[in-house]
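User: I should like to learn how individual features of a structural model are read. Please take me through them one at a time.

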Amino acid sequence: MQTPLRRGLPRVAGGEPWPPAGAVVDLDVPETPAPETPAPETPAPAQPEPADGLSAVAVRRGLPRTTGGEAYPPVSETYIALPAAALREPEPAPEPASEPAPAAEATQQPAPVKPVAPKPATASADTPSRNWARWLSPAIAFGFALALAVLLARYIAGTDAGGQFIQRFDGRQPLPAGTPVGIPAWLNWAHFFNMLLMVLIIKTGLSVRSERKPEAYWAPKNNPRAKISLTLWLHLALDIAWVALGAVFYVLLFSTGQWARIVPTSWDTFPNALSAGLQYLTLNWPEENGWVHYNALQELTYFAVVFIAAPLAIVSGARMSPWWPKSWSFVSMKAARSIHFPTMIFFVVFIITHVGLVLLTGMRRNLNAMFAARGDVDPATYATDWTGTLVFLGALAVIAAAWFAARPLVVAPVARLTGTVSQR
């Protein structure tokens, strides 16, 4: 029986599929005599006899047609007539030349990309115009909300119930007996250094968040692989200085009795704080003399800054630093990040509000107490003194100089005292 062969790929480039059309295999195999033993050896399949003008061609054998049988077909080669082209020996492949590829191959290469005409320049997200637009809507919304709050506060203060509430709780700070009067010089210096460090910490913190490719890196001398950006190094160095300042501030605060000015000691503090806030919103400032006492709202605010926000900033910042021990897992990195940035926003809002009220509620009197340790029980005796104002302007000049000096060119020589500074 003759069976057509399955055709495959051509043997020569551009030729016909192999074997040629019409090639068949002769499957007429002589019968094998019955075995004389239970398990005889299977004889090898008989190969067809060669004929004149035919050439031997290998046959690919596959799976058996019956269980336990031989591979199919039972022959490994057959004899067929080959075309003249197939009988010629294949020409050796040409050696690769260093000349450019022929045109036929060049046409298979991808077509060159056409240059795209540059788009007209538009204001990107980083341009000043877009930045102003980003903050314009929130600023308008805040101004609108503040105006509504002022109108509402004026309405409440004008009612009988509101007037009686303000008369009963005038907003003054309840102080325990023996509270010291006046602001000492050490508190003035602590206030200045705290202001300087806070401004630089906020600046470097925002720079670390937006930094994509640092200009320089810092690594400790004993571990050159532990690299961090130079901006982060400055941020951590400022944090250490701020924590040291806070430790000294705490010691002096409790050893001199000044803690009583910022720690609530009476439940009357809370209704007085509400009354002070209502008076601030009516734009009729509550009566106060920072040299003698704060109002109740100031007391609660300073308590939150010193004893709540500052410790949260320290702990969350320490958790995010590379110096946090890996075995201390009681504070997660996710929790630290969700606390640290909102705490910075709180400090920014506090600084803006604090400076604004200092300038609006008696600038010279407030600055004398805060920067020159000058004051009296009677505000009229020092209301015309400009000493504190001049010291404040000098402090602003120092802060501005430090702001512009917080760059790699200036910071790198200082950082080299504690480690290695490199550009990559």
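User: In which helix is the place of F392?

Analyst: The model is a predicted one. A residue is first assigned to its secondary structure element, and here F392 belongs to helix α11, which spans residues 387-405.

User: Is F392 buried or exposed, and how is that decided?

Analyst: The relative accessible area decides the matter, with buried meaning under 20%. F392 has a relative accessible area of 12% and is therefore buried. As for its surroundings, the C-alpha atoms of F392 and A372 are 8.8 Å apart, with these positions 20 residues apart along the chain.

User: How many aromatic pairs does the structure hold?

Analyst: There are 19 aromatic pairs. One of them joins W324 and W328, whose ring centres are 5.5 Å apart and whose planes meet at 90°. Planes over 60 degrees apart count as edge-to-face, so this pair is edge-to-face. The two partners may also be read by accessibility: W324 is buried at 14%, whereas W328 is partly exposed at 43%.

User: Which residues do ring pairs link into a cluster?

Analyst: Ring pairs can be followed from residue to residue. Here they link W186, F249, Y250, F254, F303 and F307 into a cluster.

User: Which charged ends sit over rings?

Analyst: Such a contact is read from the charged end to the centre of the ring. The charged end of K203 sits over the ring of W403, at 5.4 Å from the ring centre. Likewise, R209 places its charged end over the ring of F341, at 3.9 Å from the centre.

User: Which residues make the nonpolar surface patch of about 440 Å²?

Analyst: The patch is made by L283, W285, V355, L359 and L360. Of these residues, V355 lies in helix α9, residues 333-360. A patch residue needs over 30% relative accessible area; V355, at 32%, counts as partly exposed.

User: Which residues does the UniProt annotation "transmembrane region" cover?

Analyst: An annotation comes from a record and is then set beside the model. The unreviewed UniProt entry gives "transmembrane region" for residues 135-157, 189-209, 230-253, 300-318, 339-360 and 386-406.

User: What are the helix content and end separation of residues 189-209 and of residues 230-253?

Analyst: Residues 189-209 are 100% helix and 0% strand, and their end C-alpha atoms lie 30 Å apart. Residues 230-253 are likewise 100% helix and 0% strand, with end C-alpha atoms 34 Å apart. Both spans are among those that the UniProt entry annotates as "transmembrane region".

How values were computed:
Residues numbered from 1 in each chain as written. Predicted model: local features only at pLDDT ≥ 70, side-chain atom pairs only at ≥ 80, totals over all residues. Heavy atoms only, no water. Phe/Tyr/Trp six-rings, centres within 6.5 Å; stacked < 30°, edge-to-face > 60°. Buried < 20%, exposed > 50% of the residue type's maximum accessible area, 1.4 Å probe, protein only. Lys NZ or Arg CZ within 6 Å of the ring centre and 35° of its normal. Patch = residues over 30% accessible without salt bridge, like charges linked within 9 Å, V, L, I, M, F, W, Y side chains within 5 Å. Areas by Shrake-Rupley, 256 points an atom, 1.4 Å probe, with all protein chains shown as cover. Salt bridge = Lys/Arg side-chain N within 4 Å of Asp/Glu carboxyl O. Helix = DSSP H or I, 4+ residues; strand = E, 2+ residues; numbered from the N terminus. UniProt positions renumbered as here; feature names shortened; annotations may be inferred.
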